Amino acid sequence: MSELLENPDFFLLDQDLSAEDVALRDRVRAYGRERILPVVNEAWEKGEHPTEAFTGLAELGIVGTFIPGYGCPGLSRRAAGVVARELGRVDGSVNTFFGVHSNLCMGSIYMLGSDEQRERWLPSMARIEKTGAFALTEPAHGSDSVSLETSARRDGEHWVLNGHKRWIGNGHAADVIVLYARDEADGQVKGFVVEKQQDGGYPRGYEPTVIDGKIGKRAINQADIVITDLHIPAENQLPGCRSFKDVNTVLKATRGGASWEAVGHGMAAFEIAANYALEREQFGLPIANYQLVQERLATMLSDLTSMQLLCTRMAELQESDQLTDAMASLVKMTTSRKALDMCRTARDMLGGNGLLLENHIGRHVTDMEVVSTYEGTDSMQALIVGRAITGVSAFTRTRR
């Protein structure tokens, strides 16, 4: 039983990993336990970002994931998924920070930027000497981010941006922010890079405020950003972003990270619940001796295994460029539902002790509530799958 709890992999899927990927998995796992787990509960309770622990991610050889060169490892989709899984297994906030910095921000620069821009920003970001953010979502545009309203107007050697962004992870502190806005001249979405100034502040017109009062992902801060006549040098425009279609290439390349994170939360929930069942005694016996408890653990392992199989197949389809939007949505919908149910079950099995941060499961429950919402809500994923089934779109309708 102890081996299964150390690596809940009932169908031995990790046996197909290369020796390098196994070593990568073990480095990330050890880092999470030794560097993140001892500090994350305090940071979570305070709603603070444990910066020192997070910057140690640069030591693992994972920053930049699928990007080759520029100090990045060029990982396979499967290896990148394992990284997200292991980070999510220890804490969702660290995986969100990593995904925003390494995949969305760096991925945008790599896929949509020029050679000069890649050389300018990616190496320092791979070393986490500079941190990144990805500013797409707006107060009125989450699921329909294609309709974003932040505007951009060319004015000589600068672009002038106006608008409002919200729920931007690390958007209050990042050194490099990839920000998307709609060009007033042609109505198309363009990409821009906002940089901190030498004094450590942001250029005038970029005003971020940390969003308070969150119930999940509390060890990373999200920003509400008001943008007023923000001047961006023309050299900071990403030339490869000419429409929202190009933004989608980045989203497609990073798609799947939330599903792998959900697997990590599920692994943590199973591990916490099973260990507790073996240690907690009631009526003279460890509760693991009782049939209802064993049935719940068996159901959790079944759900976890199905999630692992789905994500493994998703990575294979990504590598061969066969993954469709509907396939990715089915995986996200399924893993989010199952992982959230697993976390809730584990919390219930711990009884009152499940309410204590020291037992960790509370973080996973609330973080999974967030995972179920970001990168496409559960409802939106279901509608994308529904469109694939019926050929009818239930969410793109003309307003009357």
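**Salt bridges and a greasy patch: worked exercises**

At 0% relative accessibility, E261 counts as buried (buried is under 20% relative accessible area, exposed over 50%, partly exposed in between, with a 1.4 Å probe and protein chains only). This is a predicted model, where local features need pLDDT of at least 70, side-chain atom pairs count only at pLDDT 80 or more, and totals for chains, interfaces and linings use all residues. Residues are numbered from 1 along each chain as its sequence is written, and side-chain values use heavy atoms, leaving out hydrogens and water.

**Exercise 1.** Find the salt-bridge partner of E261 and place both residues.

*Solution.* Step one: look for a side-chain nitrogen of Lys or Arg within 4 Å of a carboxyl oxygen of Asp or Glu. K217 fits, with its closest N and O atoms 2.6 Å from E261's. Step two: K217 sits in the loop between β8 (206-210) and β9 (222-233) and E261 in helix α8 (residues 257-279), so the pair ties together parts 44 residues apart in sequence. (Helices are DSSP runs of H or I, at least four residues; strands are E runs of at least two, numbered from the N terminus.) Step three: K217 is buried too, at 2% relative accessible area.

**Exercise 2.** Work out whether K190 and D186 are buried or partly exposed.

*Solution.* First, the two form a salt bridge, with the closest N and O atoms 3.2 Å apart. Next, K190 has 8% relative accessible area, so call it buried. D186 comes in at 42%, so that one is partly exposed.
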